[in-house]
Amino acid sequence: MPCAIIFIWIPTFLVKVALYNGTLSSITYVIIIVRVQVIVTLVGLLIGKHGSFVNQIKAKTGASVYVRNHPDSVKQKICAVEGSQNEIEAALDMIKDKFPEKRFPNFSIQEISPELYQKLAPLVPEFLQLQLVESVNNDTIMTCLVSAGHFFLQQPLHPTFPALHALHRLMAATYQNPDVPSLPRPVKEGSICAAPTENNWYRAQVISTSEENDTSVVKLVDFGGYLTVDNDQLKQIRSDFMTLPFQATEALLAFVKPANNELEWSSEALRIMAGLTAGQLLHAQVAGYDEAGLPLVHLYLTLNPQQVIFLNRELVERGLAEWEIPPDS
């Protein structure tokens with residue numbers, strides 16, 4: 001029987017991951033997610049320019065650092081540090097060194113309360129989400145354009161990718177059964193579930209939920225994009241459907257913004273981006289991360305060995321975008 005990954009969340013923010021093939025076997029990996037509160041004015045310094053400090057933490061300790069909105073206060077953020085016990089301790093030491101008490105008397109590292117923890121949407125552990133590798137060209141395809149500067153990428157040459165099609169077929173067959181249990185009520189943000197769309201079923205994560213409308217906004221974790229779904233249509237995900245890493249990586253176009261100080265990307269920019277990327281293999285280079293941990297990427301389209309289009313620059317040269325900073329700075 002194929003092994004399945006079982007996730008057990010306990011109040012001390014410990015996630016135990018075990019292999020299961022009929023009975024619970026030994027724990028093979030333990031990951032801890034520690035969450036602390038950070039004053040908003042210090043978030044930029046914590047992240048570093050273009051994610052430089054969190055990248056340094058990752059390189060030196062192996063721990064990942066994310067910043068999320070505080071559910072109760074606009075003046076604070078939640079900083080989550082994910083890794084093994086040793087990795088987290090090393091990462092917290094680096095953070096303490098960067099914020100010495102004498103210079104930053106208002107900065108302290110204290111775990112959030114259990115009451116506040118209950119209000120937070122669970123983070124998807126890094127090992128469950130397929131990542132773009134830093135310092136290399138990642139071979140990707142565009143699977144969903146939210147806007148010209150916000151999109152989802154798959155990695156079709158990754159060794160786990162062929163299993164997605166088999167998973168998709170198995171989910172389609174499984175969720176035709178009306179007896180599959182629905183997602184428990186009340187639906188919680190962050191829950192992983194199965195969601196229907198276009199006469200098929202997809203792995204999804206609940207992003208937000210509306211009790212008034214009895215609907216939820218979900219993110220399709222393998223193909224990208226967001227949907228609003230009736231809560232009674234959301235089904236529990238089977239444990240063996242969680243062995244494959246989520247295949248769609250959400251990303252942002254690095255260091256460009258909509259032209260003419262517009263707040264949103266134009267429909268023309270979306271049209272151009274869709275036309276250039278449809279059905280094409282794209283090289284994605286990670287240039288940094290935003291404060292939510294989304295990778296900022298440079299995208300390249302190779303038409304032939306002598307013609308490579310740098311898509312970030314292409315939008316700028318067409319007057320559809322502006323540089324936030326020079327691409328080589």
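## The β8–β12 pairing

C193 has Q236 of strand β12 as its bridge partner. The model in which this pair occurs is a predicted one. Strand β8, residues 192-197, and strand β12 are paired antiparallel, and 2 bridges connect them.

Helix α5, residues 162-174, packs on the sheet and touches β8 and β9, the latter spanning 200-210. The direction of α5 makes about 80° with that of β9.

## The five-stranded sheet

β8 and β12 belong to an open sheet of 5 strands, ordered β11-β10-β9-β8-β12, and the pairing is antiparallel. At the edges are β11 (226-230) and β12 (235-236), each of which pairs on one side only. Strands of a sheet are paired through backbone hydrogen bonds, in a parallel or an antiparallel arrangement.

Strands β8 and β9 run antiparallel and are joined by 6 bridges. I192 takes part in this pairing, with Q205 in β9 as its bridge partner. The two strands form a hairpin with 2 residues between them, and in that hairpin E198 has a positive phi near 50°.

The pairing of β9 with β10 is likewise antiparallel, and it rests on 6 bridges. Here S208 has V217 of β10 as its bridge partner. β9 and β10 also form a hairpin, with 4 residues between the strands. In its turn, D214 has a positive phi of about 55°.

## Salt bridges

The salt bridges in the model number 6. One of them involves the turn residue D214, which pairs with R185 at 2.9 Å between the closest N and O atoms. D214 lies in the loop between β9 and β10 (215-220), and R185 in the loop between α5 and β8, so this salt bridge ties together parts 29 residues apart in sequence. D214 is partly exposed, at 30% relative accessible area. R185 is also partly exposed, at 47%.

Another salt bridge links D240 and R238, with 2.8 Å between the closest N and O atoms. D240 is partly exposed, with 29% relative accessibility, and R238 is partly exposed as well, with 36%. R318 forms a salt bridge with E314, where the closest N and O atoms are 2.8 Å apart. R318 is partly exposed, at 43% relative accessible area. E314 has a relative accessible area of 18%, and since buried means under 20%, E314 counts as buried.

## Helix α6

Helix α6 covers residues 267-277, and its buried residues are A269, I272, M273, L276 and T277. These residues lie on the same side of α6, because they cover an arc of only 115° around the axis. Which residues are exposed on the other side of α6? They are S267, R271 and G275.

After α6 comes G279, with a positive phi near 70°.

## S147 and its contacts

S147 is part of strand β6, which runs over residues 138-147. Is S147 buried or exposed? With a relative accessibility of 17%, S147 counts as buried, because this value is under the 20% limit.

Apart from its neighbours within four places in sequence, S147 is in contact with W265 and L270. S147 and W265 are 118 residues apart along the chain, yet their C-alpha atoms are separated by 6.3 Å.

## The protein as a whole

The secondary structure comprises 7 helices and 18 strands. Of the 329 residues in the protein, 46% are buried. The accessible surface amounts to about 17100 Å², and carbon and sulfur atoms account for 52% of that surface.

Among contacts with a separation of 6 or more, 61% are between residues 24 or more positions apart. The contact of S147 with W265, which are 118 residues apart along the chain, is one example of a contact between residues distant in sequence.

Definitions and conventions:
Residues numbered from 1 in each chain as written. Predicted model: local features only at pLDDT ≥ 70, side-chain atom pairs only at ≥ 80, totals over all residues. Heavy atoms only, no water. Pairing = 2+ DSSP bridges. Contact = heavy atoms within 4.5 Å. Axes fitted to C-alpha atoms, helices over the stretch in contact; angles between N-to-C directions. Buried < 20%, exposed > 50% of the residue type's maximum accessible area, 1.4 Å probe, protein only. Areas by Shrake-Rupley, 256 points an atom, 1.4 Å probe, with all protein chains shown as cover. Arc of directions from axis to C-beta. Salt bridge = Lys/Arg side-chain N within 4 Å of Asp/Glu carboxyl O.
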